[in-house]
Amino acid sequence: MYDKTASLLQQLETQLQAHKLWQQEPIDAQLLHSRQPFCVDTLRFEQWLQFVFIVKMRELVQRRVVLPSSIALTPMAEVQWPGRYLSVHRTLEAIDLHLSADKGTADE
């Protein structure tokens, strides 16, 4: 479970970089204090993926704690990037499916 999650997160980062959606400079920390889903009022979706989702998920993977089991990133990607960045859409869908799958098996 953890190894596959880490691999998918790396794949997502690589694809965001390839599509020039990866931001090199850090964001203002205040932008992370949004109460809206995906920080829609303070961040673009790709910024949320980079500075919130990937960071938090990598931390959970590293600590080997319970990962979220109900996640839906793909619909947000479809709204934000209709018909664009299809490889990113596919990776987000893979993450959605992977995390929603049966949690009965864990990586060794």
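The protein has 4 helices and 0 strands, and from the N terminus on its elements run α-α-α-α. With a radius of gyration of 14 Å, close to the 13 Å that the globule rule gives for 108 residues, the protein is as compact as a globular protein of that length. The model is a predicted one. Along the principal axes, the C-alpha trace spans about 35 × 30 × 25 Å.

A few whole-chain numbers fill in the picture. Buried residues account for 41% of the 108 residues. The accessible surface comes to about 6,700 Å², and carbon and sulfur atoms hold 52% of that area. As for the contacts between residues at least 6 apart in sequence, 71% of them join residues at least 24 apart. On the charge side, there are 11 positive and 13 negative charges, and the mean positions of the two sets sit 2 Å apart.

Next comes the nonpolar core. The largest one has 31 residues, and the members that touch the most others are Leu12, Leu16, Trp48, Leu49, Phe53, Trp81 and Leu92. Two or more residues come from each of H1, helix H2 (45–63), helix H3 (74–80) and helix H4 (86–100). H2 gives the largest share of this core, with 9 residues. Leu49 is a handy place to look at the packing: setting aside neighbours within four places in sequence, leucine 49 is in contact with Leu12, Leu16, Ile54, Trp81 and Leu92. Of these partners, Leu12, Leu16, Trp81 and Leu92 are themselves on the list of core members that touch the most others.

Two further residues of H2 are worth a look. Glutamine 50 lies in helix H2 and, at 7% relative accessibility, counts as buried, the cut-off being under 20%. Beyond residues up to four places away in sequence, glutamine 50 touches Leu21, Trp22, Gln23 and Val55. Valine 52, also placed in helix H2, is buried too, with a relative accessible area of 12%. The contacts of valine 52, leaving out neighbours within four places, are with Leu32, Leu43 and Gln47. Measuring across the fold in the model's coordinates, valine 52 and histidine 98 are 19 Å apart in space, C-alpha to C-alpha, with their positions 46 residues apart in sequence.

At the N-terminal end, methionine 1 belongs to the segment before helix H1 (2–18). Despite that terminal spot, methionine 1 has a relative accessibility of 11% and so counts as buried. Its C-alpha atom is 24 Å from that of leucine 86, a residue 85 positions along the chain. A little further on, threonine 5 lies in helix H1. Threonine 5 has 3% relative accessibility, so this residue is buried as well. Apart from residues up to four places away, threonine 5 touches Met57, Val61, Leu67, His98 and Leu99. Met57 and Val61 fall within helix H2 (45–63), and His98 and Leu99 within helix H4 (86–100).

In helix H4, histidine 89 is another buried polar-looking spot to check, with 10% relative accessibility. Leaving aside neighbours within four places in sequence, histidine 89 is in contact with Thr74, Ala77, Glu78, Trp81 and Arg84. Trp81 turns up here again, having appeared among the contacts of leucine 49. The C-alpha atoms of histidine 89 and leucine 60, 29 residues apart along the chain, are separated by 22 Å.

Finally, the backbone has a couple of oddities in its loops. Arginine 64 has a positive phi of about 55° although it is not a glycine, and its place is in the loop between H2 and H3. This arginine is partly exposed, with a relative accessible area of 43%. Tyrosine 85 also has a positive phi, near 55°, and is likewise a residue other than glycine. Tyrosine 85 is found in the loop between H3 and H4. Its relative accessibility is 18%, under the 20% cut-off, so tyrosine 85 counts as buried.

Terms used: Residues are numbered from 1 along each chain as its sequence is written. This is a predicted model: local features need pLDDT of at least 70, side-chain atom pairs count only at pLDDT 80 or more; totals for chains, interfaces and linings use all residues. Side-chain values use heavy atoms; hydrogens and water are left out. Buried means under 20% relative accessible area, exposed over 50%, partly exposed in between (1.4 Å probe, protein chains only). A nonpolar core is a set of buried Ala, Val, Leu, Ile, Met, Phe, Trp, Tyr and Cys residues joined through side-chain atoms within 4.5 Å. Contact means heavy atoms within 4.5 Å. The radius of gyration is taken over C-alpha atoms; the globule rule is 2.2 Å times the number of residues to the power 0.38. Accessible areas come from the Shrake-Rupley method with a 1.4 Å probe; for residues, only the protein chains shown count as cover. Lys and Arg count as positive and Asp and Glu as negative; His and the chain ends are not counted. The place of a charge is taken as NZ of Lys, CZ of Arg, CG of Asp or CD of Glu.
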